[in-house]
Every structure is written in structure tokens, then in C-alpha cells.
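Student: Could you take me through one part of this protein in close detail? I'd like to follow how the nonpolar packing is built up, and then hear about the pockets.

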Amino acid sequence: MIGYPFTFTNRNGLSINFNDHDSDPNNFVALQEYPAFDVGIKNIEIDKDGQHGIWDFNSFYGKRVMTFAGVIIGSSEANIETLKTRLLQVTSLPARPTVDNDGLVLIQWTDANNEGWQVYAKLDRAIRFNRNLKEKSRLDFVMTLKAPDPSIRSQLEQLASGFRTWEQSGFTVPFFVPFTIGLSYHDHIIVTNNGSFEADTIIRLTGEADTAVSNPYIYNLTTGEIFKVNITLLDETKWIEIDSQAGTVVNEVGVDVSAFVDPVSNYIKLAVGENDLIYWSDESNGLDNPLLTGEIPEAVATIRFRDTTI
């Protein structure tokens, strides 16, 4: 990663590039050490009194600490000062943080396989600068940032979509322990997370013309997670959007509808590899099943996500 091109962009759109030797060969910022991307581990453990070992509990990833050690090269001391000021402007924390400017900087890079990755982080401590005596064309620095979310996501946002699902075949036998025979669904949405860690999603469930969609939910058959909202989408102009990373559920006018989220719900995340999702509602089976009504669902679910790794 020492030679990868990195771009740092703050919330105001101001950016600076590392390892860009082509734009201006005489004035640039370059890494001098392999950047450290350390991820903390959160864990609770209790010593076993009077015996070997510990009582160990679940472990989780914590924050990611990123350290960049590099050099600013300039054709003059003034040019070095300009690049230094630019670096400070891009990474500086706001005097009064707001929702739109929380100090996070978007760090993007392209790896040796030509795949683009990104992560949001902010300064963990002030940038340290150092210069040897009379060395006016070089300024060394060490910059440490922390990412509150340890995940590294692809720069490419992927999109998958499909129509509202319905039971196509199968039936339930009312035995002492009821069970279903040959149940299958029509209209699956297959999405693939090519990373190495579960991926967050932004899922939009829309209504459809001439049919009210009652209590819509998205179901990841691969992981068993369901997210259901007890609300009615009256037509194709109505929708809800579920953001698993932000933890929000809003409707088409941006109003929070999280009060209508069913208690069975878990935010939908994509397991590594292929995930099989369906968009379901109260109209997907029973007397409203398209097999009986002859009306094929036109309500659409769209899933946006980024391949994710640690």
C-alpha cells in the first residue's frame, strides 16, 4: 500500500492526493512507510478464580486506527508550506461539529488489483511535522486518524432490484405439527457480497399501482433476517427506505417511520458471498396470491450496497 494513490476528501469537498507524482513531479505528497490500518478488538473476559483460564465472551471489532507516515516534497519552501496548509485544511476538525460536518474525511485508494476502496476517518491526534536542518525542499509528517466503523467498503456501489415476491407452489398440511410441502417463491433477488465481511444495505420498498401493499418486509433467506414495517404503501409513488448502517427508516418524503417497525425486525446485512432476498407483503399469499387473482405484482425492491472487508 505504500505506493497506492490515496485521496483524502473532507465534508466540504476539499481534497489532497498522496503518491501523485504525475500532476506535478516537483511538488507532491508521498508515503514513506507502509500505512498502518490497525483494528481494535472489543472483548469482555472474567478470570476463573482458583483455576486456569478465563470466562470468555463474544468479541467484536472496535475502531480502526490509521497511520500515514510520509513526506512533502516541493520545489521551494513556499510550495511545501502550501501543501502543508492544504493537508491541514483537509483533515482539520471543525470548531463546531454539525451533522453535515462531523470532521470525518473520506479516504479512497486503488489497490494492485485495480479495485477501489474507501473508509471514513478523522484525526485522532494532531499531525506531527519534522524537518532536518537546512532541508528546505522536504518536510516529513506522521498523521494518525481513527475510523469509528472498522469496515472498508468498495468505492463502487452495487445495485440489485426485483419485484414483490409471492408463493408460487406448495401447501401447508394441518397435522399435529403443521409443515409445508414444496413451498417455492416467485421473484428472488440474488445479490453477492464479494468482500470478506458482512455488508450494510440501503433497501427501498415501493408500492404499486392499483394495489395496496400491506406490511411490506424484506427477507434475507440466506441469513434468516427479516425487516418488516407495519405500514401500507397505497400506490407506486409511496415507498420506505431502510438504511442498516445509519439505522434509519424513512418514507418518500423523508419522514421517520421507525415507530412502525415490527419487533421481529433486524436490519438486513449481506453475508459474504451470495444472498437470496425476497420482498414480501400480506398480499403475497392467501386469497390475494397472484395465482388466484391473476395480477402479477409490480412493486419493486432495490438493494444498494458496497463490497465490504476488514
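**Phe18 and the nonpolar core**

Tutor: Happy to! Setting aside neighbours within four places in sequence, Phe18 is in contact with Tyr4, Pro5, Phe6, Phe8, Val29, Leu31, Phe68, Leu87, Phe141 and Met143 in this predicted model. Phe18 also belongs to the largest nonpolar core, which has 29 residues. Within that core, the members that touch the most others are Phe6, Phe8, Phe18, Phe68, Ile107, Trp109 and Met143. Two or more core residues come from each of strand 1 (6–9), strand 2 (15–18), strand 3 (28–31), strand 5 (54–73), helix 1 (77–91), strand 6 (105–110), strand 7 (116–123) and strand 9 (138–147). Strand 9 gives the largest share, 5 residues. There is also a second, separate core of 24 residues, with Ile189, Val213, Ile218 and Phe305 among them. As background, nonpolar side chains in soluble globular proteins tend to be buried together.

Now to the pockets. The largest one holds about 630 Å³ of space. It is lined by 21 residues, and Arg11, Tyr120, Arg153, Asp243 and Gln245 are the closest to its centre. Strand 7, which also gives residues to the largest core, contributes two or more residues to this lining, as do strand 10 (152–163), strand 14 (201–206) and strand 22 (300–309). By class, the lining has 8 nonpolar, 4 polar and 9 charged residues.

The second largest pocket has about 240 Å³ of space. Its lining includes Phe60, Tyr61, Asp149, Arg153, Gln245 and Lys269, and divides into 5 nonpolar, 2 polar and 5 charged residues. Arg153 and Gln245 thus appear in the linings of both pockets.

Terms used
Residues numbered from 1 in each chain as written. Predicted model: local features only at pLDDT ≥ 70, side-chain atom pairs only at ≥ 80, totals over all residues. Heavy atoms only, no water. Core = buried A, V, L, I, M, F, W, Y, C linked by side-chain atoms within 4.5 Å. Buried < 20%, exposed > 50% of the residue type's maximum accessible area, 1.4 Å probe, protein only. Helix = DSSP H or I, 4+ residues; strand = E, 2+ residues; numbered from the N terminus. Contact = heavy atoms within 4.5 Å. 1 Å grid on protein atoms, 1.4 Å probe; cavity = no way out; pocket = protein on both sides within 12 Å on 5 of 7 lines; lining within 4 Å. Points joined across faces, edges and corners; volume = space filled by probe spheres on them. Nonpolar A, V, L, I, M, F, W, Y, C, P; charged D, E, K, R; others polar.
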